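Here are my notes on the model, set out as numbered points. They go from the whole chain to one helix, then to the cores and the empty spaces.

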Amino acid sequence: MELYQLRYFQTVADVGTLRDAAELLAVSQSSVSRAIAMLESEIGVELFTRRGRSNELNRFGQTFLRAIRSAQRGLESAISDVRQLAGFDAGTVSLGFLVSLGVATVPGLIGRHRQSYPWSRFLLHQGPGPALVEDLAKGAIDLCLGYPMAFDDSPGVTWHKLFTQQLYAVVDREHPMAHREVISFEELAGQPFVTLDRNHTLRRMFDDACTRYGIAPTIAFEGSDITTLRGLIGAGLGIGVLPRAAAPDPDNVEIPFDDQQLARQIAIGWMTNRYLPPSAAAFRDTVIASRGLPTHDSRSPRMAALVENRREGRSYGDDTTSRLRPALEASRIR
């Protein structure tokens, strides 16, 4: 059964003759007659009573016409819903993002977007990077805020870089290293670590850094929620290598690294070979224009100078390294 057959049937039912229906549809009368005959053959009953040139609906045809009109209203409603879903002003954006971006970055971007599109709606999906890219490839999400360098095997994804997210050594406030202003990754050797599981890009970066510095890490706790990991760190159960917290963390201290590689480039991604709804395209443009609102992750000028001094081997002026060296050695022994 084809849609054109239903359209021809409905037209004949409305105007009453094959000739008038053919004129209205701008097709031949034989085409209309053939379509009606095929439809009746497929259904198994006649739908019209022929009276000369007139074609009157019988009781089977009347029942069928009511069903067609009901289905047509449902189809028109579905088309309207889909168009509204994809629309600029009130469309829905299906957005996937890394868990670490959920506290400040994503809310900030949505707030910025709604200044121009106040009726826009969002379906939000948090998850580890590989799962987000898989959802993007399957069409489960329109856009992805993630870390592209970890997904070189994801063909068809276009990435636009937004900002750099620095990683920090996160320790509890009673930790011997808590007063440090900058640190080298190799100084963490021998510490118990609290880490994300291997599905997360941050874990991949941590493992790569351990390999690069020749560290065999002791993993005390492994999980999938950064908030939980920060709680474990604050309780003195290990240290972490994490992005900066979006809000002040009263239990922990974040120490910047002197290694430029301990950072990840956050980008927005979409599928090149798939239709991007206008609502999603508009949000993508907002994100690119705002560059991801990375204000919470920026280092102060003084902090940047401290890191640069450490890279170049200069002292800090307050001899922080020599003052804390006994505590550092003790932390390695215990």
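1. The secondary structure of the protein chain consists of 11 helices and 11 strands. This is a predicted model, and the points below should be read with that in mind.

2. Of the 334 residues in the protein chain, 46% are buried. The accessible surface comes to about 17,200 Å², and carbon and sulfur atoms account for 51% of that. Among contacts with a separation of 6 or more, 76% are between residues 24 or more positions apart.

3. Helix α9 covers residues 278-290, and its end C-alpha atoms lie 18 Å apart. That agrees with expectation, because 13 residues at 1.5 Å a residue should span 18 Å. After α9 comes Arg291, which has a positive phi, near 60 degrees.

4. Which residues of α9 are buried? They are Ser279, Ala280, Ala281, Ala282, Phe283, Arg284, Thr286, Val287 and Ser290. The list includes the polar residues Ser279, Arg284, Thr286 and Ser290 as well as Phe283.

5. Phe283 of α9 also belongs to the largest nonpolar core, which has 59 residues. Together with Leu143, Leu145, Phe185 and Leu188, Phe283 touches the most other members. Strand β6, residues 157-172, gives this core its largest share, seven residues. A second, separate core has 16 residues, among them Leu18, Ala35, Ile36 and Phe64. In general, nonpolar side chains tend to be buried together in soluble globular proteins.

6. What does Phe283 touch, not counting residues up to four places away in sequence? The partners are Val93, Leu95, Leu109, Ile110, His113, Phe122 and Leu143. One of these, Leu143, is itself among the core residues that touch the most other members.

7. The largest pocket has a volume of about 340 Å³. It is lined by 20 residues, and the closest to its centre are Val103, Ile226, Thr227, Arg230 and Ala246. Helix α8, residues 226-234, supplies the largest share of the lining, four residues.

8. How many cavities of 30 Å³ or more are there? The count comes to two. The largest cavity holds about 80 Å³ of space. Its lining is made up of Leu98, Val99, Ser100, Gly127, Pro128, Gly129, Leu196, His200, Thr201, Leu202, Ile226 and Arg264. Ile226 thus appears in the lining of the largest cavity and also among the residues closest to the centre of the largest pocket.

How values were computed
Residues are numbered from 1 along each chain as its sequence is written. This is a predicted model: local features need pLDDT of at least 70, side-chain atom pairs count only at pLDDT 80 or more; totals for chains, interfaces and linings use all residues. Side-chain values use heavy atoms; hydrogens and water are left out. Helices (H or I, at least four residues) and strands (E, at least two) are DSSP runs, numbered from the N terminus. Buried means under 20% relative accessible area, exposed over 50%, partly exposed in between (1.4 Å probe, protein chains only). Contact means heavy atoms within 4.5 Å. Accessible areas come from the Shrake-Rupley method with a 1.4 Å probe; for residues, only the protein chains shown count as cover. The expected span of a helix is 1.5 Å times one less than its number of residues. A nonpolar core is a set of buried Ala, Val, Leu, Ile, Met, Phe, Trp, Tyr and Cys residues joined through side-chain atoms within 4.5 Å. On a 1 Å grid over the protein atoms alone, a cavity is a set of points where a 1.4 Å probe fits but cannot get out, and a pocket is an open set with protein on both sides within 12 Å along at least five of seven lines; lining residues have an atom within 4 Å of a point. Grid points are joined across faces, edges and corners, and a volume is the space filled by probe spheres set on the points.
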